[in-house]
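Dear colleague,

Please find below the structure that I am handing over to you. My notes on what was found in it follow directly after.

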Amino acid sequence: MALREIRLEGDPVLTKECRNVKELTERQKVLIEDMLETMYDADGVGLAAPQVGVLRRICVVDVGDEHGPYILINPKIIETDGEQTGQEGCLSVPGKAGTVTRPMKVKVEALDLDMNLQTYEGEGLLARAFCHEIDHLDGHMYTEIAEGPLYEVSAAEDEEEEYEEEASSEDGDNS
């Protein structure tokens, strides 16, 4: 496995629509392993193939749930419900975030590593991540739909948010 260079906003590859995967090759399996390693190294929750310069309909998502990493080949959203508005960032737009409205729940069909059709349901962060990564496969970025200007996000703020979440969940455990 190897870390891949994450393409940044402004790179033309991020505006192109990706092609379907007809047959999963060894080269694409290596790509998926590299994408996972790259995503984890960058502390992301998702990564789409065009973000590493490959125009194929492949993305990976890991929000830390019990399912582990989701590997989505030729994904498509088949159902949505509700809406959520919140902060969204992107590995291709480092240090920035924006406010984005997405569905609260989504149902996604995608092929797995064995090229078998799977259906995944996501809610909250997982729904947001599925939508975000599938948008990348269609040549779109969250910056196109952000409500208002993007704002700076520092690593210290991220750590502070994580600490606050841990503290509030610990408080909930004590009651």
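In this predicted model, ring pairs join Y70, Y120 and F130 into a cluster. The count of aromatic pairs comes to two. Y70 and Y120 make an edge-to-face pair, with 5.5 Å between the centres and 90° between the planes. This pair connects distant parts of the chain, since Y70 belongs to strand β3 (residues 70-81) and Y120 to strand β7 (residues 117-123), 50 residues apart. Y70 has a relative accessibility of 5% and counts as buried; Y120, with a relative accessible area of 12%, is buried too. Because the limit for buried is under 20% relative accessible area, the value of 12% places Y120 in that class.

Y70 also pairs with F130, again edge-to-face, at 5.3 Å centre to centre and 90° between the planes. Here too, distant parts of the chain are linked: Y70 lies in strand β3 and F130 in helix α2 (residues 125-137), 60 residues apart. F130 counts as buried, its relative accessibility being 0%.

The sheets come next. Strands β1, β2, β3, β6 and β7 form an open sheet of five strands in the order β1-β2-β3-β6-β7, with antiparallel pairing. Which strands stand at its edges? They are β1 (46-48) and β7; each has a single partner strand, so one side of each is left without a neighbour in the sheet. On average, neighbouring strands of this sheet are turned by 35° against each other, direction ignored.

Within this sheet, β1 and strand β2 (residues 58-61) pair in the antiparallel sense over three bridges. L47 has V60 in β2 as its bridge partner, and G46 has V61 in β2. Helix α1 (residues 26-41) packs on the sheet and touches β1, β2 and β3, its direction making about 35° with that of β2. On its other pairing, β2 is joined to β3 by four bridges, and these two strands run antiparallel. I58 stands opposite I73 in β3.

In a regular strand the side chains alternate between the two faces of the sheet. For β2, both faces are covered: I58 and V60 on one side, and C59 and V61 on the other, are all buried.

Helix α2, which carries F130 of the ring cluster, lies across β1, β2, β3, β6 (105-111) and β7, and runs at about 125° to β7. The helix also lies across β4 and β5, where it runs at about 55° to β4.

β4 and β5 belong to another open sheet, which has three strands in the order β4-β5-β8 with antiparallel pairing. At the edges of this sheet stand β4 (84-89) and β8 (151-152), each with a single partner strand, so one side of each has no neighbour in the sheet. Six bridges join β4 to strand β5 (residues 96-102), and the two run antiparallel. One of the bridge partners is V100 in β5, which is matched with G86.

A final point concerns R57. Where does R57 lie? The residue is in the loop between β1 and β2. Is R57 buried or exposed? At 9% relative accessibility, R57 counts as buried, because buried means under 20% relative accessible area. The side chain of R57 has a polar contact of 2.9 Å with the side chain of D138. A polar atom of the R57 side chain also lies 3.2 Å from the backbone oxygen of L137. Leaving aside neighbours within four places in sequence, R57 is in contact with C18, R19, N20, V21, L72, I73, N74, P75, I134, L137 and D138. Among these contacts, I73 is the residue of β3 that stands opposite I58, and I134 and L137 fall within the span given for helix α2, residues 125-137.

In short, the points to look at when you open the model are the ring cluster of Y70, Y120 and F130, helix α2 lying across strands of the five-stranded sheet and across β4 and β5, and the buried R57 with its polar contact to D138.

Yours sincerely

Terms used
Residues numbered from 1 in each chain as written. Predicted model: local features only at pLDDT ≥ 70, side-chain atom pairs only at ≥ 80, totals over all residues. Heavy atoms only, no water. Phe/Tyr/Trp six-rings, centres within 6.5 Å; stacked < 30°, edge-to-face > 60°. Buried < 20%, exposed > 50% of the residue type's maximum accessible area, 1.4 Å probe, protein only. Pairing = 2+ DSSP bridges. Axes fitted to C-alpha atoms, helices over the stretch in contact; angles between N-to-C directions. Contact = heavy atoms within 4.5 Å. Polar contact = N/O pair within 3.5 Å; in protein donor to acceptor, adjacent residues only side chain to side chain.
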